[in-house]
Amino acid sequence: MEQYRTRPAPHPQRPPAQRRGPRPTGVPAQGGGAPRPAPARRMPRPRLTGLGGGLFACTAMVLVGGICWLLFGSSLFVYGLLFPPVAAATALWVRPADLITAPIGVPIAFAAGVWPISGGSGGFGGQLMGLVSALSLHAGWLYAGTLVAALIALVRKAVLIGRRRLPRRAA
């Protein structure tokens, strides 16, 4: 089985004259010339492992379930509405080597987070029946979030395969 590298390749050593630390933006280089443009701000791109992605999704959905319980009176509609964005974030933030885990972990996270708002009555059996009822009655949200995560993982994998197949240009 092919093992892919998970760490970036080490950068070649720079000559000592260039190791003076970062220059402030707008200050010209040593030889003069035009100032550097300011770097563009972008969203951080965390890279979660498969387990980390599952834990992120579970933690996020338990927090969403608690917020729905406190603010919206255990509204399963609001909970279901917030599930696809969490599923999408999980699929976007997982490492390329662990893409398959995103569509597997998000349904587990849905089930973990729906427990506080499932509406079961007293005892373990009542809680379990409430959880099963909530999962069955709101399976549409569960399928939608899982489909979002699966599509994002599939597109990311296709892009990675496409980049690998492109011929490398000579420098």
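These legends accompany several close-up views of a predicted model.

**View 1. The whole chain is built from helices and has no strands.**
Start with the overall picture: the secondary structure comes to 5 helices and 0 strands. Following the sequence from start to end, you meet the pattern α-α-α-α-α. The protein chain has 171 residues, and 28% of them count as buried. About 12400 Å² of the chain is exposed, with carbon and sulfur atoms supplying 67% of that area. Now think about contacts with a separation of 6 or more: residues 24 or more positions apart account for 69% of them.

**View 2. The largest nonpolar core brings together 28 residues.**
Which residues have the most contacts inside this core? They are M61, C68, Y79, F83, V106, V114 and I117. Helix 1 (50–71), helix 2 (76–93), helix 3 (102–114), helix 4 (123–137) and helix 5 each supply at least two residues of the core. Helix 2 gives the most, with 8 residues.

**View 3. F83 is one of the core residues with the most contacts inside the core.**
Leaving aside residues up to four places away in sequence, F83 touches M61, V106, P107, F110, W141, L142, G145 and T146. Look for W141 in that list, as the next view turns to this residue.

**View 4. W141 sits in helix 5 and is partly exposed.**
Helix 5 covers residues 139–165, and W141 has its place there. Is W141 buried, exposed or partly exposed? Its relative accessibility is 24%, so W141 counts as partly exposed; the buried class is for values under 20%. If you skip residues up to four places away in sequence, W141 touches F77, G80, L81, F83, P84 and F110. Take F77 as an example: W141 and F77 are 64 residues apart in sequence, and their C-alpha atoms are 8.7 Å apart in space.

**View 5. Helix 3 and helix 5 cross at roughly 155 degrees.**
The axes of these two helices come within 8 Å. Why is helix 3 described as roughly antiparallel to helix 5? The crossing angle is roughly 155 degrees, and angles over 145 degrees count as roughly antiparallel, so the pair earns that description. Helix 3 passes helix 5 in a right-handed crossing. To find where the two meet, look for A102, P103, V106, P107 and F110 in helix 3. On the helix 5 side, the residues they meet are W141, L142, G145, T146, A149, A150 and A153.

Conventions: Residues are numbered from 1 along each chain as its sequence is written. This is a predicted model: local features need pLDDT of at least 70, side-chain atom pairs count only at pLDDT 80 or more; totals for chains, interfaces and linings use all residues. Side-chain values use heavy atoms; hydrogens and water are left out. Helices (H or I, at least four residues) and strands (E, at least two) are DSSP runs, numbered from the N terminus. Buried means under 20% relative accessible area, exposed over 50%, partly exposed in between (1.4 Å probe, protein chains only). Contact means heavy atoms within 4.5 Å. A nonpolar core is a set of buried Ala, Val, Leu, Ile, Met, Phe, Trp, Tyr and Cys residues joined through side-chain atoms within 4.5 Å. Accessible areas come from the Shrake-Rupley method with a 1.4 Å probe; for residues, only the protein chains shown count as cover. Axes are lines fitted to C-alpha atoms, for helices over the stretch in contact, and angles run from 0 to 180 degrees between N-to-C directions. Angles under 35 degrees count as roughly parallel, over 145 as roughly antiparallel, 65 to 115 as roughly perpendicular and the rest as oblique. A crossing is left-handed if the near helix is turned anticlockwise from the far one by less than a right angle, and right-handed if clockwise.
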